[in-house]
Amino acid sequence: MLAILHPDTPLDSDAYRQTLHFLEHLPGVTVKVHEVEGAVQRLTELYLLGDTKSLDKDEIEALPAVERVIRISDDYRILGRHRDDQRQSGFTYNGVEFSQNNLNLFAGLCAVDTQEHVEIMMRELSAQGQHCTRMGAYKPRTNPYSFQGHGKSCLPWVFETAGKHDIRVIAMEITHESHIEEIDECLEKLGRPTGVMLQVGTRNTQNFELLKAIGRQKTYPVLLKRGFGITLNESLNAAEYLASEGNANVVFCLRGMKTDAGSPHRNMVDFAHVPTVKRLTRMPVCIDPSHSVGSRDAAPDGIPDVMHATAQGVVAGANMVLVDFHPRPEKALVDGPQALLMEELPAYLEDVNQCHQLWKKRQEIYGKTGAMAST
């Protein structure tokens, strides 16, 4: 059961103390407090865990600080959609909105290699009106002898370059909780010229201690990639680990499933799950066509497979696209063969925009159909 308090309820008010005192003394029930910082107001949610079936919903709604009560299912208690649940989906971070209704493009380097390439990438993104990018400083690799990323040594010039070009959010994978501190210390020292979305890679989707550490901090939102060899339910529960620790600003990323059935693509593209994740949870949904397809191969129509995969995900309602570009893919230290070229960026952006507009038109079509069917 979930009790949502009146917006901006002071935690030191008599109404809050009386409400919490009552709930904490219910037999067989524990209370977990979760705070949500919205764009214009702060909401406090009280999750009642345990034997809640016999609780009187009306009695709890009558408590002085409670606005409304929602009965919730066991799965995805914080991030899930529940009956009579009208809570907002998404969040705003560093001036960028992330919701289930809009779309943000994160084009950039899978792995940071040189300052020159970072400068070229961010300058071109800025020229195209973009405010987000992906930049890999820490790179988990299957081969222990492969390039593992520059780590914290590249953070200062990556963040300074982002600030210079008004890049507001950088999706950056981390592999250890110490990386959170390294990123935070560097941003603070530089005066926070940009923002970071902490990315959990597919290999760490079930690294529960890392998930808990990321969830305990509320400064940075999180991009969680689906585990490449586990069920959708297991990956969504991994996202719930983040929220259960206090950070519900989570974007869920589909990046393909590891199976030979997807050959010749690198992974089996799983973008049909875009609307499914939006139906089951309140999380914005990201797609990663680069790691799904894994090459720049083009169809007979001249359009690369990665662009076709992008279109499929965006037309299905994706809210974020994570895609590899590189000024010189042949010089890339990680995943060069799948990186798109800088001269392809304008066409890619236009293609993504057209697909997003088509998704909106599809909503209108089915909205009208639904209205006609109900009359």
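The following questions and answers concern strand pairing and aromatic rings in a predicted model.

Me: Which residue in β3 stands opposite Ile4?

Reply: Strand β1 covers residues 2–5, and Ile4 points from β1 the way Leu2 does, while Ala3 and Leu5 point the other way. β1 pairs with strand β3 (residues 42–50) in the antiparallel sense, over three bridges. In this pairing, the residue opposite Ile4 is Glu45.

Me: How many bridges join β1 to strand β4?

Reply: Strand β4 spans residues 66–70 and runs antiparallel to β1. Leu5 stands opposite Val66 in β4. The number of bridges that join β1 to β4 is four.

Me: Is Phe106 buried or exposed?

Reply: Phe106 belongs to one aromatic cluster with Phe91 and Phe98. Buried means under 20% relative accessible area. Phe106 has 0% relative accessibility, so Phe106 counts as buried.

Me: Why is the pair of Phe208 and Tyr241 stacked or tilted?

Reply: A pair of aromatic rings is described by the distance of the centres and the angle of the planes. Planes under 30 degrees apart count as stacked. The ring centres of Phe208 and Tyr241 are 4.6 Å apart and their planes are at 25 degrees, so the pair is stacked.

Me: How many residues apart in sequence are the parts that the pair of Phe208 and Tyr241 ties together?

Reply: Phe208 lies in helix α6 (residues 208–216). Tyr241 lies in helix α7 (residues 232–244). The pair therefore ties together parts whose separation in sequence is 33 residues.

Definitions and conventions:
Residues are numbered from 1 along each chain as its sequence is written. This is a predicted model: local features need pLDDT of at least 70, side-chain atom pairs count only at pLDDT 80 or more; totals for chains, interfaces and linings use all residues. Side-chain values use heavy atoms; hydrogens and water are left out. Buried means under 20% relative accessible area, exposed over 50%, partly exposed in between (1.4 Å probe, protein chains only). Helices (H or I, at least four residues) and strands (E, at least two) are DSSP runs, numbered from the N terminus. Two strands pair if DSSP finds at least two bridges between them. Rings of Phe, Tyr and Trp (its six-membered ring) pair if their centres lie within 6.5 Å; planes under 30 degrees apart count as stacked, over 60 as edge-to-face and the rest as tilted.
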